[in-house]
Amino acid sequence: MKRRERVPTQPRPIEHRVLITATLCLIAIGAVMVYSASSARNLLEGSGDGTAYLVRYVGLGLIALAGMHIMSRHGYELTKRFMPLLLIGSFFACVIVLVPGIGTEVNGARSWLGPGIFSPQPSEFMKLALILYCAQFLAAHPRRIETFRGMMSPVGIVAGGACLLIIIQPDTGTTLLIAGIVAAILIAAGVPMRFLAYLAGIGLLLLIVLIILQPYQQDRLTSFLDPWASKTGEGFQASQGFIALGSGGLFGVGLGQSVQKVFYLPEAHTDFILAVIGEELGLFGVTVVIALFGLIVWSGLRIARSATDQYAKLVAVGLTALISCQAILNIFVVLGMAPLTGVPLPFISYGPTNLIVILGAVGLLLNLADRNRAYMRLVDPSTGRRRTTAHSQRDQGAEDRDRRRRDGGPRRAGSGGRRRAAG
């Protein structure tokens, strides 16, 4: 009995390995820094032993990692099948979160469903749903972006409706993120840049109207321009973040030794956790975090470039934009380069729903990378033909023998070898 020849497996692409390594490194940093940023204040306030947020982060991280594993195995099929359900559910949740008694208001924004520690945030799921919807629609109707009207209907209408529901909460940061993500997908789909310029102009006009109608947005803008002028008011958080970053120097004051996180810096374990990293680990720690995000973006763009179909390409671009735009916006806010938005730092900030969605996005990127590997193993991308490995040669030889048997023997060269026409 002959032993069956084992087909050699192709190693995982480098972008797959870099992506999962950078992700696990950021999660490890997040667990350490969430504990460091929250433990001292919890102890001084008499709220347990100081490990409350660490336990929640680790528990949610394990759930999110399980979801990432599932998405890395079956993400492509699951997202294509359940995208309509996710989109409809996200819209429904963003509507009911505005109902008093159902939505929970935190820091002036009604963005969470129900009370409690693990209350979900519908806008996080909306970001993922819009990525999948835009990618699927644009891949199925590539000619719709050739006209401005075709681009706006229905992609612009759906994305605009989502932004309207989120800005009412109000959540300006998530609205800006959605606009950036959809713009990245449209660029990858090949939309003319003049159409994006039209959209940017409309968005800027609406943002000015929003600032005029909402006084707290005016206060945030003025505090961004000069945080020290209102360091005891709207500029308090930004100015305390600057002090934390400046105190860290090159290598920081030491892990767990931050002073600002205790009573000075609000939201130290969520939106401004990068300031705590800067104080305790210095410029070196901040640079490492930014470099890890850079590796994730590099991996995501390589996965998009190697995608086997248009849908996979647009999804990879959208997921990469989801992570990169959120990281950039948070970093800019902490560094004083953007007004306060309330956007957490991916993987690191304490945010239950955000962590689950972000790790789910990473799992889907890993699944797309595996699909690219399977395609590269079977098909030569330079010719589009099937590769002739030992296994495929054996199968091809068997197919040739069967064909000759059906045709009554091998064909001869020349006109005499041609089969006569019937009749």
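1. Starting with helix H6, since that is where Leu213 sits. Keep in mind that this is a predicted model. Is Leu213 buried or exposed? At 64% relative accessibility it counts as exposed, because the cut-off for that class is over 50%.

2. Leu213 has company. Together with Leu204, Leu205, Leu207, Ile208, Val209 and Ile212, Leu213 makes a nonpolar surface patch of about 670 Å². If you are setting up the surroundings for a calculation, that is the stretch I would look at on screen alongside this note.

3. H6 turns up again in the surroundings of helix H4 (residues 148-168): what covers the buried residues of H4 includes helix H2 (52-96), helix H3 (122-140), helix H5 (172-189) and helix H6 (193-213). The buried residues themselves are Gly150, Met151, Val155, Gly156, Val158, Ala159, Ala162, Cys163, Leu165, Ile166 and Ile167.

4. Where does H4 kink? The kink is centred on Gly156 and comes to about 45°. Gly156 is also among the buried residues of H4, so have both points in view when you zoom in there.

5. Helix H10 (residues 273-305) has a kink too, of about 130°, centred on Leu281. The end-to-end numbers are worth a look as well: a straight helix of 33 residues would span 48 Å at 1.5 Å a residue, but H10 spans only 33 Å between its end C-alpha atoms.

6. Next to Leu281 in the numbering is Glu280, which forms a salt bridge with Lys261; their closest N and O atoms are 2.8 Å apart. Glu280 belongs to helix H10 and Lys261 to helix H9 (residues 260-263), so this pair ties together parts that are 19 residues apart in sequence. Buried or exposed, these two? Both Glu280 and Lys261 are buried.

7. How many salt bridges does a search of the whole structure find? Seven. As background, side chains of opposite charge can pair when their charged atoms come close. Besides the Glu280 pair, two others caught my eye, and helix H12 has a part in each.

8. One of them joins Arg12 and Asp370, with 2.6 Å between the closest N and O atoms. Arg12 is in the segment before H1 and Asp370 is in helix H12 (residues 352-378), so the bridge ties together parts that are 358 residues apart in sequence. Arg12 counts as partly exposed at 37% relative accessibility, whereas Asp370, at 17%, counts as buried because it falls under the 20% cut-off.

9. The other joins the side chains of Arg371 and Glu77, at 3.7 Å from N to O. Here the pair ties helix H12, home of Arg371, to helix H2, home of Glu77, so parts that are 294 residues apart in sequence are linked. Arg371 is partly exposed, with a relative accessible area of 28%, and Glu77 is partly exposed at 39%.

10. Last stop: Gly30, in helix H1 (residues 14-44). Gly30 is buried, with a relative accessible area of 0%. Which residues does Gly30 touch, not counting those up to four places away in sequence? They are Tyr57, Phe347 and Ile348. The Ile348 contact is a long-range one in sequence: Gly30 and Ile348 are 318 residues apart along the chain, yet 3.7 Å apart in space, C-alpha to C-alpha.

Notes: Residues are numbered from 1 along each chain as its sequence is written. This is a predicted model: local features need pLDDT of at least 70, side-chain atom pairs count only at pLDDT 80 or more; totals for chains, interfaces and linings use all residues. Side-chain values use heavy atoms; hydrogens and water are left out. Helices (H or I, at least four residues) and strands (E, at least two) are DSSP runs, numbered from the N terminus. The expected span of a helix is 1.5 Å times one less than its number of residues. The bend at a residue is the angle between axes fitted to the seven residues ending there and the seven starting there. Buried means under 20% relative accessible area, exposed over 50%, partly exposed in between (1.4 Å probe, protein chains only). Contact means heavy atoms within 4.5 Å. Patches are made of residues with over 30% relative accessible area and no salt bridge: like charges are joined within 9 Å, nonpolar side chains (Val, Leu, Ile, Met, Phe, Trp, Tyr) within 5 Å. Accessible areas come from the Shrake-Rupley method with a 1.4 Å probe; for residues, only the protein chains shown count as cover. A salt bridge is a side-chain nitrogen of Lys or Arg within 4 Å of a carboxyl oxygen of Asp or Glu.
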